[in-house]
Amino acid sequence: MPNLSKHFQRLRTGSPLSFRLLAWILLFSSAFTLIASGVQLYSDYRKDVGLIDQRLKVIESGYASSLARSLWALDQKLLQTQMEGILSLPDITHLRLRIEPDSELVMGSIPRGAETKTHSFTLVHEGDQSFRLGELTVTANLDRVYREMKQKIGVILTTQFLKTLFVSILILLIIRHLVTRHLSDMAAYARDFSLENLSEPLTLDRPDSRANRSDELGQVVDAINQMRERLNTDIARQKRDAAEIRKFSKAIEQSPSSVLICDRQWHIEYVNQKFTQLTGFDRKSILGKHPAELGDEGGQNRERQNLWQSIRLQVQRVGVWQGEVNSIRKSGERFWEQLVVTPIKDNDGEITGYLILGEDVSIRKRYEQQLLRQANYDILTGLPNRMLALDRLKLALAQARRENTLVGVMFLDLDNFKHINDTLGHDAGDNLLIEAARRISSCLRGTSTVARLGGDEFLVVLPGLPGPDACSQVAERILKTFSPPFTLNAQEVFVTTSIGIAIFPTDSDNSGTLLQHADAAMYEAKHNGKSAYAHFSPEMSEVSHERLQMESLMRRALELDEFELHYQPIVHTESGKLQAAEALLRWNNPTLGLVMPDRFIPLAEETGLITPVGEWVLQEACRTAVGWGKNTGRGIGISVNVSPRQFRDPGFLDTVMGALHSSGLKPELLELEITERLLLDNSIETATILYQLDQAGVRLSVDDFGTGYSALSYLKSYPFDVLKIDKSFVNDVNKEPEDASLVRAIINMAHSLGLKVIAEGVEDESQADFLRQEHCDYSQGYYYSRPQTGKDFEGWLKNNHRIPV
């Protein structure tokens, strides 16, 4: 017993779970034993009581007739003997015989307080008639049954308890051996578990068998070891992440862009080194401030406050804001800054802060402003160029329609300008143009526009005229200002001008026709002796007749196969190797001869003939390019000009895709040249077509860049691949520093936007060298080859050794 209690004590202190298991096993086993024993005892009790009941019934069946005969015969001695026999039976302790009519015989006694069971039956004599003789009541004592039941209870409970205790201890030892000791080992492993010993797996003191690996303990061990491996992996990943975070932190700190990080209330939490260099603000002085407060100590700059309010709203609504803002340094100096503002979100998508990236774009902004001015104004005279003048003319016509007023359009051409240029030189010619522009401008009021169309041609737009005579008065003032001589190269030169006048809406109600009529009137003025002006009249039919004749002939040109394509190579500027060829349309008419596109393309656009002509050009150019590829074994790109009227045709996209499909030309080998004029309307349809072409793989380029109105702002908006510098800028890159600076700026700007650059009009080696030094991607011009027919170009391909194989 001392050893058993010591074992229990060790179980209780060393294995609380084992002790609790033993307690629960004893509790439930005892309860089960009590229930089972009670059922068994009750069953034995009912069995013993049943035997007594059976014995009483046997007494009735065995003694009823004999007792009845003894009683009928009045044999008292026999009756007493029979009753003594009954009384001697087990458990029978008392007999009561009631004899009819009123006598009674009693034998035996009933112990006081004893549990008894009684049974009565009637004694009847059977004969000719039945006579009731009496009734015998037999009483049985149940003390023996209860005594035996008490003995059984003691024995059963003792044996069942010992058996239960033994089985419980045996089960406990088995559980201890199979489970709880391993749980203790797991607990000890868990207490010692740390990041330093992740390499040590958990093992248990048990055989390594399939059954042990698949049971619950094996599953727990496997789960713990898997957790250990995951922790190993997570720690390794966290180390890598920490290294990445350190790397990114250094990258942000050393980023060439300024970086600000704000909290959810837009209070600055972090700035990098570039920001302090760019703005002059030190970190400590601006932490906790709102970006709108930088450089605005008094908080009086409402414009800056409103700007950041709109930035905040757009970031919350759209998710990003980017644009150019006029920021201020600590010194008070203003500078242009390109900002990108994005929210910082957690894993649940909730905004936790804001990231502000900035870049100083002051230099680019100056270049853009310079390019924008050069794109809209004539460099020599400072006057608006053709595109800006046309835009102002359209605005003037729209205003005149609303106000029901007149608009005068004047075409001016300097008389004998070519002779002065050839005699005195280009410098004298430039000075003449500058002075002529000044004199024309001096004759106009503030709302009027004077523009240089190119060469010695000027355009004057006179809006809001009270009557047609107002144009004549302006023309007379202009002619009068040309009366004094011009001083060119220290010598006086008399130069006159011829002026053509057209009136809106008298002569036409659209800008294009007004310009044509003013041009026709100007030629009429020259024809009348120069230094004069002329109003347009229907009788001026020379130009109109030529136009009608050309339109009539052009309508049949496709049918008669009079159009042909000439090809001019586009080469890599650095290597001189062929990259592509530009398809140039020519019209070879038996009556008019070889007609250049600048004569018939405007008419084709106006009449709508440009659509079928353009479709033919695309088909022919793609087919020819495929033939070159078969002959040379390499893909040679083909560049095709697209007019605005052709581009806006509803079937233009199908035309392009049809030409590619029918010819088999790869889309990336086709380049469509779009003029800046096309981008003026900034319509959704234009953007849609450009993006669909880009998605199809067709390359897009901006043709004659720098001569248009405002395409500069669209370079970032549309998916262009190439920018073509107009030849007017390339001509004097080695003579005029302004042209060189402009070309250099265009190349740098295009490259910064991810665009390739093609320079047109390269005519000599010095221009090619300049473009090569400025890293212009491609070049095109007479220096490499003049435009040639398809057959001649194939010969050029075979003989040109600069074509890569």
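In this predicted model, strand β20 (residues 637-642) pairs in the parallel sense with strand β21 (residues 670-675) over 5 bridges, and within that pairing Ile-638 has Leu-670 of β21 as its bridge partner. Strand β20 is also joined to strand β18 (residues 578-589), again in the parallel sense, by 4 bridges, with Gly-637 of β20 serving as the bridge partner of Ala-580. Strand β21 in turn runs parallel to strand β22 (residues 699-705), to which 5 bridges join it, and here Glu-673 is partnered by Ser-701 of β22.

The pairings of these strands, together with one from a separate sheet described further below, are set out in the table.

| Strand pair | Bridges | Sense |
|---|---|---|
| β18 and β20 | 4 bridges | parallel |
| β20 and β21 | 5 bridges | parallel |
| β21 and β22 | 5 bridges | parallel |
| β1 and β2 | 6 bridges | antiparallel |

Burial can be followed along the two strands that are paired with each other. In β20, 5 of the 6 residues are buried, so this strand is largely enclosed by the rest of the structure. In β21 the count is 6 of the 6 residues, so this strand too is largely enclosed by the rest of the structure. The side chains of β21 are divided between two directions: Leu-670, Leu-672 and Ile-674 point one way, while Glu-671, Glu-673 and Thr-675 point the other way, and all of them are buried. Glu-673, which belongs to the second of these groups, is the residue whose bridge partner in β22 is Ser-701.

Helix α18 (residues 610-632) packs against helix α20 (residues 652-663) at an angle of about 25°, and their axes are 9 Å apart. The two helices are therefore roughly parallel to each other, and their crossing is right-handed. On the α18 side the contact is made by Glu-615, Leu-618, Gln-619, Cys-622, Arg-623 and Val-626, and on the α20 side by Phe-652, Thr-655, Val-656, Gly-658, Ala-659, Leu-660, Ser-662 and Ser-663. By class, the residues of this contact comprise 7 nonpolar, 5 polar and 2 charged.

A second helix pair has another geometry to describe. Helix α11 (residues 386-403) and helix α15 (residues 511-527) pack at an angle of about 110°, with 10 Å between their axes, and they are therefore roughly perpendicular to each other. The crossing of α11 with α15 is right-handed. In this contact Leu-390, Leu-393, Lys-394 and Leu-397 of α11 meet Ser-511, Leu-514 and Leu-515 of α15, which by class gives 5 nonpolar, 1 polar and 1 charged residues.

The separate sheet is an open one of 4 strands, in the order β2-β1-β4-β3, with antiparallel pairing. Strands β2 (103-108) and β3 (116-125) stand at its edges with a single partner strand each, so one side of each is left without a neighbour in the sheet. From one strand to the next the twist averages 15°. Strand β1 (residues 92-99) is joined to β2 by 6 bridges in the antiparallel sense, and in this pairing Arg-98 stands opposite Glu-104 of β2. Helix α3 (residues 76-87) packs on the sheet, where it touches β1, β2 and β4 (131-141), and the direction of α3 makes about 150° with that of β1.

Note on methods: Residues are numbered from 1 along each chain as its sequence is written. This is a predicted model: local features need pLDDT of at least 70, side-chain atom pairs count only at pLDDT 80 or more; totals for chains, interfaces and linings use all residues. Side-chain values use heavy atoms; hydrogens and water are left out. Axes are lines fitted to C-alpha atoms, for helices over the stretch in contact, and angles run from 0 to 180 degrees between N-to-C directions. Angles under 35 degrees count as roughly parallel, over 145 as roughly antiparallel, 65 to 115 as roughly perpendicular and the rest as oblique. A crossing is left-handed if the near helix is turned anticlockwise from the far one by less than a right angle, and right-handed if clockwise. Contact means heavy atoms within 4.5 Å. Ala, Val, Leu, Ile, Met, Phe, Trp, Tyr, Cys and Pro count as nonpolar, Asp, Glu, Lys and Arg as charged, and the others, Gly among them, as polar. Buried means under 20% relative accessible area, exposed over 50%, partly exposed in between (1.4 Å probe, protein chains only). Two strands pair if DSSP finds at least two bridges between them.
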